[in-house]
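The following exercises concern charged side chains and model confidence. Please examine the structure before reading each solution.

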Amino acid sequence: MKCSALFPVRIAAFVDGEGILWLPAGFDNSASHVCDPVSIQVLRAIALQPMPVMVPDGGSVDAVRVLLKAGLVKAVIPRPQRTVDGYEQLPAMVTEITHLGRMMLRRFPKP
């Protein structure tokens, strides 16, 4: 399956007063490759913001983790913190979109 076939999905993201990028909850981040529409959507949302970008939502942090492993962004992703109820994912900080990441944004433009 080509990645471009996966792009009809749209997201609405916004940045709050503290510069934290908020993405809607409920993303399915089960795919572990960069053609996952969520990862590309998160990359697009990050590209629209001034760096550094804070990504607080656990599902979106997973998408940033995929982008980091693929070499599309440079980011700091803290390890999940153990809490009484289990684990809590702290926000990730994306510091840069790499040259490869910018190439991906050009290769898979917004539909």
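**Exercise 1.** Determine how many salt bridges this predicted model contains.

*Solution.* The cut-off is a side-chain nitrogen of Lys or Arg within 4 Å of a carboxyl oxygen of Asp or Glu. Under this rule the count is two salt bridges.

**Exercise 2.** Describe the salt bridge between Arg65 and Asp62 and its setting.

*Solution.* Step 1: the N to O distance between the two side chains is 2.8 Å. Step 2: Arg65 and Asp62 both belong to helix α2 (residues 58-69) and stand three residues apart, which means that about one helical turn separates them. Step 3: Arg65 has a relative accessible area of 29% and is partly exposed; Asp62, at 35%, is partly exposed.

**Exercise 3.** Explain which parts of the chain the pair Glu96 and Lys74 ties together.

*Solution.* Step 1: the closest N and O atoms of Glu96 and Lys74 are 3.7 Å apart, and the two residues form a salt bridge. Step 2: Glu96 is in strand β7 (residues 92-97) and Lys74 is in strand β4 (residues 73-76), so the pair links parts that lie 22 residues apart in sequence. Step 3: Glu96 is partly exposed, with 35% relative accessible area, and Lys74 is partly exposed at 43%.

**Exercise 4.** Assess the confidence of the model by its pLDDT.

*Solution.* Step 1: the average pLDDT of the chain is 75, and 66% of the residues score at least 70. Step 2: among the elements, strand β1 (residues 14-15) has the lowest mean, 53, and β4 the highest, 96. Step 3: the pLDDT is below 50 over residues 1-12, a stretch with 21 contacts beyond near neighbours in sequence. Step 4: residues 26-36 also have pLDDT below 50, with 23 such contacts in the model.

Technical notes:
Residues are numbered from 1 along each chain as its sequence is written. This is a predicted model: local features need pLDDT of at least 70, side-chain atom pairs count only at pLDDT 80 or more; totals for chains, interfaces and linings use all residues. Side-chain values use heavy atoms; hydrogens and water are left out. Helices (H or I, at least four residues) and strands (E, at least two) are DSSP runs, numbered from the N terminus. Buried means under 20% relative accessible area, exposed over 50%, partly exposed in between (1.4 Å probe, protein chains only). pLDDT is the predictor's confidence in each residue, from 0 to 100. Contact means heavy atoms within 4.5 Å.
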